[in-house]
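Visitor: Hi, I'd like to talk through how the chains in this model touch one another. Can you put it up for us?
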Amino acid sequence: MSDTQPNGALLQVNDLRTHFHTDAGVARAVDGITFQIAEGECLAIVGESGCGKSVTSLSIMKLLPMPPARIASGRILFNGRDLVDLGQEEMCGVRGNDIAMIFQEPQSALNPVFTIGDQVAEAYTVHHPGTPMREAYERSVEALKSVGIPDPARRMGDYPHQLSGGMKQRVCIAMALICSPKLLIADEPTTALDVTIQAQILELLMDLQRKHRLALLLITHDLGVVAEMAQRTCVMYAGKIVESGATREIFSRPLHPYTQGLMRARPAPGSSQHGRQRLAVIPGRVPAATQFQDDCRFRPRCPLAQEKCAQEPPLEDYGAAHRAACWCAKREGYDAWKDAAAASAPKGASGA
Amino acid sequence: MSEPQAQTPPAMTGGSQSYWDLVWGQFRKNRLALVSLVVIAVLFVLAAWAPVLAEGKPWVWREDGRTSYPLPAWLTAPTSGMSVDYLFNYFFFLTLTVPAAVLLVRRSMRGKEFSAKVARKRWSLGLLAAVLAGVVPFIGPGSYERGATPAEKEAQPELQIVKVWHFFRRYRLDNRDYLGARESLSKERGDYAYFPLVAQDPLGQTTDLLQPPSSKHFLGTDNQGRDVLARMLHGGRISLSVGFVAVGIATLIGILIGGIAGYYRGWVDIAISRFIEVVICFPTFFLIITIIAFIDERSIFHVMLVIGLTGWTGLARLVRGEFLKLADQDFVHAARALGCGGARIMFRHILPNAMAPVLVSVAFAVAGAVLTESGLSYLGFGAPPPTPTWGELISQGKTHIFEGAWWLLYFPGFMIFLSVTVYNLAGDGLRDAMDPRMRN
Amino acid sequence: MTTYILKRLLLMPLMVLGITLVSFCVIILAPGTSGKGGGSGDVRSGKLTQQQLEVMQRTFHVGKPIYLRYLYWLGVLQPEATQAELVEARRKLAGVREQEAFLEDRVEDERRYRAYVAHLDRTLLGSRDPASPATPDPDLQKTIEEIEVDARVPLRGMLFLDFGMSVTTTSVSVWQKIKEALPVTLAMNLIVVIVIYLSSLPIGIHSATHQNTFSDKSTTVLLFVLYSLPSFWVSILMIKLMVSLPDYLRLPFQGIFPAGAEEMATLPLLWACTKHLALPVAAQCYGSLALLSRFMRASMLDVIRSDFVRTARAKGCRETTVIYRHALRNSLIPIVTLLGGLLPGLLGGSVIIETIFGIPGMGYLGYNAVLTRDYTVLMALFTASAVLTLLGILVSDILYVLVDPRISFEKGR
């Protein structure tokens, strides 16, 4: 895919390192990650909480509080422009206009003291100063309508607390898309919602993505969402990308032991009928960002750990743009997983 | 993080890391709050030691071959039932017995291995012994008798003598002017006297009116020639005790009323809430001085009582809110399902979990009570006249402002400021320590 | 929103009734109004005369059952017989005063006449004792005193703003005293509240947006120190400073009006009053100002960290828009509710400040009433300041609804 032609990418992140300077030491929350998104493409970043997914997205938007946080190195090229070099003032022109973002908690993402209409219209007028009130209003109604809010004109005067969670997330999407940005970053957009609402919101996002040729950076820990939405996937662990490639490829042939662990920790369709099958758990937890070593960061939890893992494994290509950062990815990793998968779930497990 | 804290009652969870251990761990990291805690302790020790540091009575007085112990007598005999001196004199003995007990317990355990249970038992026994030992100087058969023999009265009609039959010795308590009499002691007869560090009587009037600080009076004298340092040390007793007693009364009332409103809800809550809203409307300070002015024979305990009786509203509101929140949680439902009564649920199950915010606001309330008391004393509505208080000294400073009596303004004012600040800092530290967001 | 405000308004009369009940309980506490021998201490200690004590006891209907006393004092019920008596007493007293004036004239004539006769006697007849002037009839004197007491007992009760006459200042009604003191206190507290809010908001916002910088840290320390300083001490220190300053730098620290205020033009008068008010206003507001600034900082910090502020930034809003449009209004919500809590403290705190700076407001009036045991004035002050505070709390409640759209729906259900 676009991996071979980085110049055609809409967003290209090169060796991004975001560090937090705290009392407890320097936390290397994002530690040298590289990925790119082409126009109209959906890229998912997956990982447990504390892996640096959200920090990555906030770094792209430069929304991190800058005294503790610092972009230590790397480049974030958007349409050929390096966002790292931009000042806050210029960044304001990019946010919402070129890159928009929606967040995890729609309950608190809307300002409680302003009406929906005010907030949606503001997103438009910020980037189109001097727009007449009338026009901003009409555009807002239009935007609310396009995200499937019934009776949008009446909803304009409502306050956020009068809306349900799903409705609020729709308002957030409307707000994000009103200036027709080229890239939408969705940071766990469905985590805080009910399952039925989740499906509706995902469908809406896919719809809008197709309609506007929108690039979508989807941050999530939900592999189901990934399988459904993303063309390509990056798996993050402890501030690094440990595996990346086409979603189909990763689901059918996970190379990194961490990815394999994630796959096994997911309830497979139909597994409940077998009864005796239990979800595998990855033992331990993500180390604190201040404690990162220069070895393979997954080593303490890895079932395949060996002496070589004391050195950091490079991200190597294993064919078809499928990359993984593991010393034993090619042989043992894949084979071991395949055996285990075959033993626990004889059929249907690979049907992603 | 602190997620489970909202679900399970933290005060009920046992184990090594209880909720209060966590809070204390956080509190210790706040250096300013820790310092303020130490300053509060120092202020209390100073107040307890006031008669030992600054008093016009000697420890030992030998004259004409007769030895008496006026200061110990004053320390253990109630000169006036309506003063806080009794309490602080007991504190004084505690400052002696408690460190002694700590030393003894440490020594008895040195070099040996004990289980935690035995060690805890030893510590609590030792401290209990210390607390009891502090009482010993005050007890005695028929502890004291007021009055003097007819012969003594005839010789010195103005003399008030209290004879003390004490636990271990018998001595006399009188209001003789020992400082004046010191001059007449003669070494040839073998007379001697041991006075406290600052040999100045906080109540004794002298002719050194409004003297600036000097080597004789370290912080000067007031308009009746009394030593300001001695008065300030003794005045600390009033300010510190008023803060705690008044806020203690207010807290009790607040917890009771707020707890009932929050637990029983419905019309009880409505009635109590409206009542609180009505009481809140009254300007507290004005209410206090009016009620105090109504009291004919006023003492410092009246002042404490009135400050306490007028200061419970904020706490009651706070406790009500906490109870409303907590009464709906599962552990309360569980307790109710087990058949616990209302009072038991309120005080055994809910209250310990509502204590955190209550403690914070108690710390701030103590600071407020110290301010209120000093304002009352300044206006002349505090402790009755000869009692030394910080506010009263400032009021003298205001009267003599044109004579430039700065030592009457700066020193007591600074003491009020210092004590209020340390209470506020401690409260701040406590609040930060209890804030789950600050924990990591 | 309107239902919420309407509900609060409907509660008001009930709350006022509650206030009168609490005030009445304070009267019951008063030594002069409880029991039969009550107040004799005041008379013995020379704080009140027997007649003043009687006026007070009659005003508060000592000796009647408590519930009747409350209702009489309110003016809901009226002892019918007494009512007629009081009116009669007023009429009589007016008559007596008239008669007295007439008699005084006559006595004066008589004195002059006698002096003339004596003069004649001395000059013409030599020394001869002039007849002593007639001593007043003791019986008549006593009845006049009784009538005077009757005439000073309130006719209608306090619900009709008839608080009776001042116990210690003869022939001045309590209402008159309050009418003189109220505008002073109100104006001063209004200025204080405005100063507090106008300065604490910017301070809090600046501290929060520059968190952990030097200016934030030093402001925090300064505010903490200010919050812990006793206001009466600061007032005295300010006066001490003023005394030591040269004349042209000195601010006045006694009263609120300059000498010769009547002849001054409006602008110079305003300027002079401003100068007079500077010190007391400063002394009264710095504590609350420090508290409010700290609250504002904390509230602002809370809001700045919240998700919707991040959303606003993600929309592309500039930092000033984010702070002043999105964060400010939310951070104001807890600050507005503090206004209600501030008022009782301000009215009560003004006792000390007004006494020190000699400002003839409610606090000063109350302080003097306490000293002279002017119970009628005290009770009226209580009720009046509590009702005022109630109004203030109502205002802050309404402001709260205006700032936070959520409230009307949560409580109005």
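Visitor: Okay, let's start with charges: how many salt bridges does the rule find across the interface of chain B and chain C?
Guide: Two salt bridges turn up across that interface. Keep in mind that this is a predicted model. Glu277(B) pairs with Arg8(C) in a salt bridge, and the closest N and O atoms there are 3.6 Å apart.

Visitor: And how many residue pairs are in polar contact across the interface of chain B and chain C?
Guide: Four residue pairs, with both partners at pLDDT 80 or more. As for where the chain B side comes from, the helices that each supply at least two residues to it are H10 (266-281), H11 (284-294), H15 (342-379), H16 (390-399) and H17 (407-434) of chain B.

Visitor: Which of those gives the largest share of the side of chain B that touches chain C?
Guide: H17(B) does, with 12 residues. Sorted by class, the side of chain B that touches chain C has 28 nonpolar, seven polar and seven charged residues.

Visitor: What area do chain B and chain C bury between them?
Guide: About 4,100 Å², and 79% of that is on carbon and sulfur atoms. On the chain B side, Phe282(B), Phe286(B) and Phe294(B) lose the most area to chain C, together 18% of what that side buries. Counted by residues, the contact takes 42 from chain B and 49 from chain C.

Visitor: Why quote an area at all for an interface?
Guide: The accessible area lost when the parts come together is often used to give the size of an interface.

Visitor: Fair enough. Switching to the other pair, what do chain A and chain C bury between them?
Guide: For chain A and chain C the figure is about 2,200 Å², with 59% of it on carbon and sulfur atoms. In that contact, 27 residues of chain A meet 20 residues of chain C.

Visitor: How many salt bridges are there between chain A and chain C?
Guide: The count is three. In one salt bridge, the side chains of Arg325(C) and Glu122(A) meet at 3.0 Å, N to O. There are also 13 residue pairs in polar contact between chain A and chain C, both partners at pLDDT 80 or more.

Visitor: Which elements give two or more residues to the side of chain A that touches chain C?
Guide: Helices H1 (53-61), H2 (88-94), H3 (106-109) and H4 (116-127) of chain A. H4(A) gives the most, with six residues. By class, that side of chain A has 15 nonpolar, seven polar and five charged residues.

Visitor: Let's look at chain A by itself. How many helices and strands does chain A have?
Guide: Chain A comes to 12 helices and 12 strands. Of its 352 residues, 53% count as buried. If you take the contacts in chain A with a separation of 6 or more, 67% are between residues 24 or more positions apart.

Visitor: And the accessible surface of chain A?
Guide: About 15,700 Å², and 50% of that belongs to carbon and sulfur atoms.

Visitor: One last residue: where is Lys240(A) found?
Guide: Lys240(A) sits in strand S10 of chain A, residues 240-246.

Visitor: Does Lys240(A) count as buried or exposed, and why?
Guide: Lys240(A) counts as buried because its relative accessibility is 17%, and the cut-off for buried is under 20%.

Visitor: What does Lys240(A) touch?
Guide: Leaving out residues up to four places away in sequence, Lys240(A) touches Asp31(A), Ile33(A), Val235(A), Arg297(A) and Glu312(A).

Technical notes:
Residues are numbered from 1 along each chain as its sequence is written. Chains are lettered from A and ligands numbered from 1 in the order in which they are written. This is a predicted model: local features need pLDDT of at least 70, side-chain atom pairs count only at pLDDT 80 or more; totals for chains, interfaces and linings use all residues. Side-chain values use heavy atoms; hydrogens and water are left out. Contact means heavy atoms within 4.5 Å. Buried area is the accessible area (1.4 Å probe) that two parts lose on being put together, summed over both. A salt bridge is a side-chain nitrogen of Lys or Arg within 4 Å of a carboxyl oxygen of Asp or Glu. A polar contact is a pair of N or O atoms within 3.5 Å; within protein, one must be able to donate a hydrogen and the other to accept it, and residues adjacent in sequence count only if both atoms are side-chain atoms. Helices (H or I, at least four residues) and strands (E, at least two) are DSSP runs, numbered from the N terminus. Ala, Val, Leu, Ile, Met, Phe, Trp, Tyr, Cys and Pro count as nonpolar, Asp, Glu, Lys and Arg as charged, and the others, Gly among them, as polar. Buried means under 20% relative accessible area, exposed over 50%, partly exposed in between (1.4 Å probe, protein chains only). Accessible areas come from the Shrake-Rupley method with a 1.4 Å probe; for residues, only the protein chains shown count as cover.
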